[in-house]
Amino acid sequence: MPEPTLPYEGIRVVEFTHMVMGPTCGMVLADLGAEVIKVEPPQGDNTRRLLGSGAGFYPLFNRNKKSIALDLQTPEGREAALRLIATADIVSENFRPGTMKKLGLDHATLSKLNPRIISVSHKGFLPGPYDHRTALDEVVQMMGGLAYMTGRPGDPLRAGTSVNDIMGGMFGAIGAMAALAQREKTGRGQEVQSALFENNVFLVAQHMMQFAVTGKPAAPMPGRISAWAVYDVFTVRDGDQIFLAAVSDTQWKIFCEAFGYADLLADERLKTNNDRVRAREWLIPVLRERLASHSAAELSATFEQHGLPFAPITRPQDLFDDPHLNATGGLAPIELPDGRQTRVPLLPFTVDGHRPGLRLQPPRLNEHGPGLLRELGYGEEEIARLMGSGK
């Protein structure tokens, strides 16, 4: 079957982004076919040099893009950026508030030059009392209720991934898609703004509305009263851990019959799910004791055989060997900046049966700069001068 035409082929995006939030927006649009040109400072996006938990940022969020290095602190660099933007449909950035205006690249300025331009700004906060603050994913998780909900009572804990940066970039991309659709009707572009704090509030909105509906504050997830009786991580043979659940009366019956727990099935104190929730204080220790002799593999097989919910406790590095991801093409070959080969997760959806894939490797710094400048009408001497300040 031939590769389908991607939905945003023919759309050019020029991005002035770094770290995670802005690059995620560009990655989504790039994966869906847009030509995304990453404008980097002469020394390159700082993400290229991160260690520890940031070491994977650059190759993950900058695939399917082109790179050009321009010094925006010089008139020549800003002129080249403006000439590049003149060919674009979308400009995306995640600088500090006011930076694009100082550079003459803000939406108000750009829209006078090209009324069809769409600008996407990724910030810590939407305009308001907080917009002067410096935001990080962890900052907004703490102030936005997510760390409270993730940690144990009295022990706020950030989520184990850059949820707001990634989703903030996704919402920036969704806003850009909406602006493209609107431009088809009006012929005019718009400014789109996405923000970490507001994204985080959207994530905890279910807990806000729980309070609105019940009048009772939502308890942190580790300390909550579960809606389900069997919905826990169990430590089993050899110290392995596995999540097991039985979330309906039917599933409880199947669970008891599968493991021969006729006494629990017949116990009137455990007749309904709500009865079992009220009995969790003594029921869960009983189940922990009975299940401890089984291996995680045995439990997985029995739960899968009977259609019951279960999950092994998996480390991120183990996902490279996940049979489902490998069988469905969910991991694509990619080249790391040092030349080593690995695989990377693709966007988590299909379009007409296809996962949007990898067309361009994460670019080397300024890999596409000379070619893009030639396309813009620069001569070789001008390119050499610009590239001389862009190394």
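Q: Why is D352 called exposed?
A: In this predicted model, D352 has a relative accessible area of 68%, and since the word exposed is applied over 50%, D352 is placed in that class. D352 is located in the loop between strand 11 and helix 17.

Q: What makes the backbone of D352 worth a remark?
A: D352 takes a positive phi of about 55° although it is not a glycine. Most residues other than glycine have a negative phi.

Q: Which phi does N64 have, and why is N64 called buried?
A: N64, which is not a glycine either, has a positive phi of about 60°. N64 sits in the loop between helix 2 (57-61) and strand 3 (65-69), and its relative accessible area is 1%; because buried means under 20%, N64 counts as buried.

Q: How do you know that N366 is buried, and what does N366 touch?
A: The relative accessibility of N366 is 13%, which is under the 20% limit, and therefore N366 counts as buried. N366 belongs to the loop between strand 11 and helix 17, and, with neighbours within four places in sequence left aside, N366 is in contact with S67, I68, A69 and M387.

Q: What makes the approach of N366 to A69 a polar contact?
A: A polar atom of the side chain of N366 lies 2.8 Å from the backbone nitrogen of A69, and the limit for such a pair of N or O atoms is 3.5 Å, so the distance satisfies that part of the criterion.

Q: Why is G189 called buried, and where is G189 found?
A: G189 is found in the loop between helix 8 (163-186) and strand 6 (191-195). Its relative accessible area is 16%, and because the limit for buried is under 20%, G189 is classed as buried.

Q: How do you know which residues G189 meets from elsewhere in the sequence?
A: Contact requires heavy atoms within 4.5 Å, and on that basis, leaving aside neighbours within four places in sequence, G189 is in contact with P115, R116, I117, I118 and R183. For I117, the C-alpha to C-alpha distance to G189 is 4.8 Å, while the two residues are 72 apart in sequence.

Q: What makes the five buried residues of helix 11 a single side of that helix?
A: In helix 11 (residues 249-259), the buried residues are Q251, W252, F255, C256 and F259. They cover an arc of only 135° around the axis, which means that they are on the same side of helix 11. These buried residues pack against strand 7 (230-235), strand 8 (241-246), helix 12 (262-266), helix 13 (273-278), helix 14 (280-291) and helix 15 (296-305), and just after helix 11, G260 takes a positive phi of about 75°.

Q: Why is the pair of F125 and F197 called tilted?
A: The structure holds twelve aromatic pairs, one of which is formed by F125 and F197, with 5.6 Å from centre to centre and 50° between the planes. Because the centres must lie within 6.5 Å, and planes under 30 degrees apart count as stacked and over 60 as edge-to-face, this pair is tilted. F125 lies in the loop between strand 5 (118-123) and helix 6 (137-143) and F197 in helix 9 (residues 196-203), so the pair ties together parts that are 72 residues apart in sequence. F125, at 5% relative accessibility, counts as buried, and F197, at 15%, counts as buried as well.

Q: Why is the pair of W252 and F255 called tilted?
A: Their ring centres are 5.8 Å apart and their planes stand at 35°, so the pair is tilted. W252 and F255 both lie in helix 11, three residues apart, about one turn of the helix, and they belong to one aromatic cluster with F259, Y261 and F303.

Q: How do you know that strand 10 and strand 11 pair?
A: Five bridges join strand 10 (residues 331-335) to strand 11 (residues 341-345), and because pairing needs at least two bridges, the criterion is met. The two strands run antiparallel, with L331 opposite P345 in strand 11.

Technical notes: Residues are numbered from 1 along each chain as its sequence is written. This is a predicted model: local features need pLDDT of at least 70, side-chain atom pairs count only at pLDDT 80 or more; totals for chains, interfaces and linings use all residues. Side-chain values use heavy atoms; hydrogens and water are left out. Helices (H or I, at least four residues) and strands (E, at least two) are DSSP runs, numbered from the N terminus. Buried means under 20% relative accessible area, exposed over 50%, partly exposed in between (1.4 Å probe, protein chains only). A polar contact is a pair of N or O atoms within 3.5 Å; within protein, one must be able to donate a hydrogen and the other to accept it, and residues adjacent in sequence count only if both atoms are side-chain atoms. The arc is that of the directions from the helix axis to the C-beta atoms. Rings of Phe, Tyr and Trp (its six-membered ring) pair if their centres lie within 6.5 Å; planes under 30 degrees apart count as stacked, over 60 as edge-to-face and the rest as tilted.
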